[in-house]
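Visitor: Could you pick one part of this model and take me through it slowly? I'd like to know what sits where and what touches what, in plain bench talk.

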Amino acid sequence: MKKKIEETMRFSIFEVFEKMFYIFLEPLDDESTEYDMEAAIRFEGFLSGKIRILFSMDIAKTMIQNMLGLKEDEITTQRMEDCSKEAVNMICGNFLGKLDSTKVFNLTMPSFRMETASIEPGKNACRMNFDSDEGKIGVIFDADGRV
């Protein structure tokens with residue numbers, strides 16, 4: 001099941017970033033990357049847990065510019081928060097739908113912070129890092145139980 005979760009999560013991340021933000025990501029093996037902000041969402045169902053997305057400032061700005069067509073001087077902290085929360089929401093929904101479209105999940109409202117909390121994944125977690133011409137993101141999928 002863990003392999004299916006990782007493959008499905010990776011596919012969902014690529015799909016959302018390519019279709020919604022016009023950003024093409026490449027897997028990155030470097031786990032020492034520092035990030036500037038974090039958006040997270042919890043979900044409950046036959047599988048429960050949390051998805052955290054860690055963003056560099058550069059990629060967050062590019063996401064806003066590409067999604068909303070704004071210039072760099074029009075980017076605000078509130079817009080970075082909204083865009084980051086929307087990204088984690090879309091990735092979570094895409095992931096859960098692809099994982100099992102017959103199941104129902106309850107999602108929390110996404111949360112956001114301008115700094116990142118500890119990025120050490122939990123016992124039942126997987127971490128993926130990605131690079132692009134626009135910046136870097138990290139994704140941590142942390143299941144509440146055995147995967």
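**From a surface leucine to the core**

Guide: Let's start with Leu68, which you'll find in helix α2. Keep in mind that this is a predicted model. Leu68 has a relative accessibility of 49%, so it counts as partly exposed; the label "exposed" would need a value over 50%. Together with Met20 and Met67, Leu68 makes up a nonpolar patch on the surface. Between them, these three residues show about 240 Å² of accessible area.

Stay with α2 for a moment and look at Lys61. At 25% relative accessibility, Lys61 is partly exposed, because the buried class is for values under 20%. Lys61 forms a salt bridge with Glu72, and the closest N and O atoms are 3.7 Å apart. That pair links distant parts of the chain: Lys61 belongs to helix α2, while Glu72 is in the loop between α2 and α3, eleven residues away.

Now step back from α2 to the loop that leads to it from β3, where Ser56 lies. Ser56 has a relative accessible area of 11%, so it is buried. Leaving out residues up to four places away in sequence, Ser56 touches Tyr35, Asp36, Gly135 and Lys136.

On the other side of that loop comes β3, and this strand is mostly covered: six of its seven residues are buried. β3 pairs with β2 in the antiparallel sense over seven bridges, and the two strands form a hairpin with four residues between them. If you want a landmark in that pairing, take Ile41, whose bridge partner in β3 is Ile51. β3 also pairs with β7, again antiparallel and over seven bridges. Here the landmark is Ile53, which has Val139 in β7 as its bridge partner.

The hairpin has a charged pair too. Glu38 and Arg52 meet through their side chains in a salt bridge, at 3.1 Å from N to O. Glu38 is in strand β2 and Arg52 in strand β3, so this salt bridge ties together parts that are 14 residues apart in sequence. Both residues are buried. For contrast, go to helix α1, where Lys3 and Glu7 lie four residues apart, about one turn of the helix. Their side chains also meet in a salt bridge, at 4.0 Å from N to O. Lys3 is exposed because its relative accessible area is 61%, and Glu7, with 46%, is partly exposed. There is a network of salt bridges as well, linking Glu15, Lys19 and Lys98. The full count of salt bridges comes to eight.

Back to the nonpolar side of things. The largest nonpolar core has 41 residues, and those with the most contacts inside it are Ile13, Phe17, Ile51, Phe55 and Phe141. You've already met Ile51 as the bridge partner of Ile41. The elements that give two or more residues to this core are α1, β2, β3, α2, α3, β6 and β7. α3 supplies the largest share, with ten residues.

Phe17 makes a good vantage point in here. Apart from its neighbours within four places in sequence, Phe17 is in contact with Tyr22, Ile23, Leu25, Phe55, Ile59, Met63, Ile91 and Ile137. Two of those contacts, Tyr22 and Leu25, are found in the loop between α1 and β1. They make a nice pair to set side by side. Tyr22 is exposed because its relative accessible area is 54%, whereas Leu25, at 5%, is buried. Tyr22 also has an unusual entry in its backbone angles to look up: a positive phi of about 55°, although this residue is not a glycine.

As for Leu25, the list of contacts outside its neighbours within four places runs to Ile13, Phe14, Phe17, Ile59, Phe130, Asp131, Ser132 and Ile137. Ile59 and Ile137 turn up in the contacts of Phe17 too. To get a sense of scale, compare Leu25 with Ile5: the two are 20 residues apart in sequence and 19 Å apart in space, C-alpha to C-alpha.

Definitions and conventions. Residues numbered from 1 in each chain as written. Predicted model: local features only at pLDDT ≥ 70, side-chain atom pairs only at ≥ 80, totals over all residues. Heavy atoms only, no water. Core = buried A, V, L, I, M, F, W, Y, C linked by side-chain atoms within 4.5 Å. Buried < 20%, exposed > 50% of the residue type's maximum accessible area, 1.4 Å probe, protein only. Contact = heavy atoms within 4.5 Å. Patch = residues over 30% accessible without salt bridge, like charges linked within 9 Å, V, L, I, M, F, W, Y side chains within 5 Å. Areas by Shrake-Rupley, 256 points an atom, 1.4 Å probe, with all protein chains shown as cover. Pairing = 2+ DSSP bridges.
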